[in-house]
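Please walk me through this structure, taking a few of its helices in turn and ending with a single side chain and its partners.

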Amino acid sequence: MTTNPIAAYRTVDAMTADPVTLTTMLFDGAVKALRKAQLHWENGNRQGFNDETNRAYLIIGELRATLDMSQGELAEQLASIYAYCLRRIVEASLGDLEKVREVERLIGQIGDAWKTATAGLRAQQAASRAGTEAAA
């Protein structure tokens with residue numbers, strides 16, 4: 001058990017979050033790890049760079065593993081993009097920051113699209129609940 005209250009809060013938050021929120025957290029975590037990796041490299045911290053690129057690799061791998069491939073073309077395209085990102089992270093392990101930046105851009109764009117799509121969905125759900133409560 002951790003003695004860090006912030007880490008404990010994040011753990012509970014992740015364990016109790018719905019799938020939409022968890023996916024959002026994964027996108028945010030991958031982008032954050034990639035940004036930190038770049039800072040570590042620029043500051044000469046090779047271990048920090050390795051740790052953060054590994055963290056991003058694991059997160060993107062999780063995004064790929066949780067795709068519902070029965071959903072067709074979109075899931076297949078995302079799987080291909082995630083596989084490409086994983087390859088680029090491995091290639092970047094020698095310190096090629098342009099490859100890290102490329103992955104950050106791709107994952108950031110997909111994450112932004114996810115957030116836009118799910119915000120609309122959540123707004124529809126909230127409006128539906130409000131209509132149901134008003135009728136009751």
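**Helices and a buried glutamate**

Glu102 touches Tyr84 and Arg88, leaving aside residues up to four places away in sequence. The model is a predicted one, and within it Glu102 lies in helix α5, which covers residues 97–135. Glu102 counts as buried because its relative accessible area is 18%, under the 20% cut-off used for that term. Its side chain forms a polar contact of 2.6 Å with the side chain of Tyr84, and another, at 2.7 Å, with the side chain of Arg88.

Both of these partners fall in the sequence range of helix α4, residues 73–91, and this helix in turn packs with helix α3, residues 46–65, the two axes coming within 9 Å and crossing at roughly 165 degrees. An angle over 145 degrees counts as roughly antiparallel, and therefore α3 is described as roughly antiparallel to α4. The crossing of the two helices is left-handed. On the α3 side the residues that meet α4 include Thr53, Ala56, Tyr57 and Ile60, while those of α4 that meet α3 include Ala79, Tyr82, Leu86 and Ile89.

Earlier in the chain, helix α2 spans residues 19–42 and reaches 35 Å from its first C-alpha to its last, close to the 34 Å expected for its 24 residues. At its start, a side-chain oxygen of Asp18 comes to within 3.1 Å of the backbone nitrogen of Val20, and Val20 is itself among the buried residues of α2, as are Phe27, Val31, Leu34 and Gln38. After α2 comes Gly44, which has a positive phi, near 75 degrees.

Terms used. Residues are numbered from 1 along each chain as its sequence is written. This is a predicted model: local features need pLDDT of at least 70, side-chain atom pairs count only at pLDDT 80 or more; totals for chains, interfaces and linings use all residues. Side-chain values use heavy atoms; hydrogens and water are left out. Helices (H or I, at least four residues) and strands (E, at least two) are DSSP runs, numbered from the N terminus. Buried means under 20% relative accessible area, exposed over 50%, partly exposed in between (1.4 Å probe, protein chains only). A polar contact is a pair of N or O atoms within 3.5 Å; within protein, one must be able to donate a hydrogen and the other to accept it, and residues adjacent in sequence count only if both atoms are side-chain atoms. Contact means heavy atoms within 4.5 Å. The expected span of a helix is 1.5 Å times one less than its number of residues. Axes are lines fitted to C-alpha atoms, for helices over the stretch in contact, and angles run from 0 to 180 degrees between N-to-C directions. Angles under 35 degrees count as roughly parallel, over 145 as roughly antiparallel, 65 to 115 as roughly perpendicular and the rest as oblique. A crossing is left-handed if the near helix is turned anticlockwise from the far one by less than a right angle, and right-handed if clockwise.
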